[in-house]
Amino acid sequence: MQELFASKRLKTRCAMGTPAEFHCFQAFTAPDDLYELPLEERRKTIKQLTKATGPEGFPPRSLTAQASMSWSEELFVMAVFFVIMGGPLFMFFGGVAVLLLGTWPMRAAFAVLSAFLALHPLPGRAFNKMLHTSNFTKLLFKYFSYRFVWCDDFSDVAFQTKPWIGAGPPHGVFPLANLLSIPAINDFLGCPFVGAAASVVFVTPWLRYMTLYGVVPVDRKSIEKAMAQGHCVGIVPDGVAGIFKTNGHKELLAMKDRKGIARLALRTGMPIMPAYSFGNTTAFSCWYDSFGILESISRKAQASMFLFWGRFGLPIPRRTQVTMAFGRAIEVSKVENPTEEQIDEVHQKFLQATKQMFDLHKASLGWGDKEMEFV
């Protein structure tokens, strides 16, 4: 009877918009044998590993402990990112140098190498699944002290209501929280989930290897196909525009007038799973001109053009703490041709949910001095 009353109180508080419970699962604490357990046993183990507190929430900076790892493990992760993130820079500047200073045979050889790195076939789903549970992925969880945070029964609702469209801004230089959510959601929570990326990523030398985690092109046809196959799909809603809002003082989300998520949800009838990616904007620093020239070129070329750096001034992410916060699914009814009013209504709900998640969790994650604004 007490459990029944507790459940009723929880639902009442949820309906009022005031969380009754706060939860945190630290992916880097998962034991190695967790992946071998049947799904239901795995979920039970996850619940046992999940921290919980009441309506007061977690104390400020209480979820900021950094995962321990050896220097050799750190160096391995850093080396991989140096190749993945630095490779495109090398190809670009190397290409310019060869074009201007090289001989015709050198130019031809570089063109062949570039085409091979951009177009050679990648392994399929079997490799995706293997990568999810690989030692490298476990090291990534440690390197970024990766966490999930949520309120009340949001996680249970999320995995009963599927497929759904996940939307987790901000993009930052590289959406690390979103990338890590692919193996975490698939293997910790047993929910079939893929990410969505710009088509240029699939043909960018070295960077394209990150799509091996399970990524589809971020276009309506590809996303609808993935959902028809039973997959939930995660999107970074501020996209390329979000990169050019990155700064070290305030979280600026280029989403005020970007209503593609709301439009897609209405046309497909799929719920939106609002999320917030803490840490995406702190792993790297970036420079872009204040006149918007690089941003304009990037949008037209559908490829990001800017300078960035991370640890030791190299194209290696800092060992920042990365956390994915997610909220309650926003249910929508399917409308083949939604009106602007219907799109605006869903879009506003999405923006409100995003702001609420940021405000609810920022203090416990050490972001108490940060503010977030839609632009």
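Phe188 is buried in this predicted model, with a relative accessible area of 1%. It sits in the loop between α8 (176–187) and β5 (193–197), and its ring forms an aromatic pair with that of Phe25, edge-to-face, with 5.3 Å from centre to centre and 80° between the planes. Phe25 belongs to strand β1 (residues 22–26), so that the pair links distant parts of the chain, 163 residues apart. Like its partner, Phe25 is buried: its relative accessible area is 2%.

A second edge-to-face pair is made by Tyr146 and Phe148. Their ring centres lie 5.6 Å apart and their planes meet at 65°, and because planes over 60 degrees apart count as edge-to-face, the pair falls in that class. Tyr146 is buried, at 0% relative accessibility, and Phe148 is buried as well, with a relative accessible area of 4%. These four residues belong to one aromatic cluster, whose members are Phe25, Tyr35, Phe141, Tyr146, Phe148, Trp150, Phe188 and Phe326. In the whole model the count of aromatic pairs comes to 21.

Aromatic rings also take part in another kind of arrangement, in which an arginine lies over the face of a ring. Arg107 is placed in this way over Trp104, at 4.6 Å from the ring centre, and Arg319 over Tyr143, at 5.9 Å from the ring centre.

**Strand β5 and its neighbours**

Strand β5 is largely enclosed by the rest of the structure, because 5 of its 5 residues are buried. Both of its faces are covered, with Phe193, Gly195 and Ala197 buried on one side and Val194 and Ala196 buried on the other. Strand β5 pairs with strand β7 (residues 232–235) in the parallel sense, over 3 bridges, and 3 bridges also join it to strand β6 (residues 215–217), again running parallel. Gly195 takes part in both pairings: its bridge partner in β7 is Gly234, while in β6 it stands opposite Val215.

The loop between β5 and β6 holds Thr211, which is buried, with a relative accessible area of 9%. Leaving aside residues up to four places away in sequence, Thr211 touches Leu122, Val201 and Phe202.

**Helix α9**

Helix α9 (residues 220–228) has a buried side made up of Ser222, Ile223, Ala226 and Met227. These residues lie on the same side of α9, because they cover an arc of only 130° around the axis. The face turned away from this buried side carries the exposed residues Lys221, Lys225 and Ala228. Among the elements that cover the buried residues are β4 (165–167), the strands β5, β6 and β7, and helix α11. At the N-terminal end, α9 is capped by Asp219, a side-chain oxygen of which lies 3.2 Å from the backbone nitrogen of Lys221. Just after the helix, Gly230 takes a positive phi of about 95°.

**Two buried residues that touch Met227**

Which residues does Thr268 touch, not counting those up to four places away in sequence? They are Ile165, Glu224, Met227 and Lys334. Thr268 lies in helix α11 (residues 260–268) and counts as buried at 13% relative accessibility; its side chain reaches the backbone oxygen of Ala265 at 3.4 Å.

Pro163, placed in the loop between α7 (154–158) and β4, touches Met227 too, along with Gly230, His231, Cys232, Met270 and Pro271, when residues up to four places away in sequence are not counted. At 15% relative accessibility, Pro163 counts as buried. The C-alpha atom of Pro163 is separated by 35 Å from that of Ile297, which stands 134 residues apart from it along the chain.

The relative accessibility of some of the buried residues described above is set out here.

| Residue | Relative accessible area |
|---|---|
| Phe25 | 2% |
| Phe188 | 1% |
| Tyr146 | 0% |
| Phe148 | 4% |
| Thr211 | 9% |
| Thr268 | 13% |
| Pro163 | 15% |

Terms used. Residues are numbered from 1 along each chain as its sequence is written. This is a predicted model: local features need pLDDT of at least 70, side-chain atom pairs count only at pLDDT 80 or more; totals for chains, interfaces and linings use all residues. Side-chain values use heavy atoms; hydrogens and water are left out. Rings of Phe, Tyr and Trp (its six-membered ring) pair if their centres lie within 6.5 Å; planes under 30 degrees apart count as stacked, over 60 as edge-to-face and the rest as tilted. Helices (H or I, at least four residues) and strands (E, at least two) are DSSP runs, numbered from the N terminus. Buried means under 20% relative accessible area, exposed over 50%, partly exposed in between (1.4 Å probe, protein chains only). A charge sits over a ring if NZ of Lys or CZ of Arg is within 6 Å of the ring centre and within 35 degrees of the ring normal. A polar contact is a pair of N or O atoms within 3.5 Å; within protein, one must be able to donate a hydrogen and the other to accept it, and residues adjacent in sequence count only if both atoms are side-chain atoms. Contact means heavy atoms within 4.5 Å. Two strands pair if DSSP finds at least two bridges between them. The arc is that of the directions from the helix axis to the C-beta atoms.
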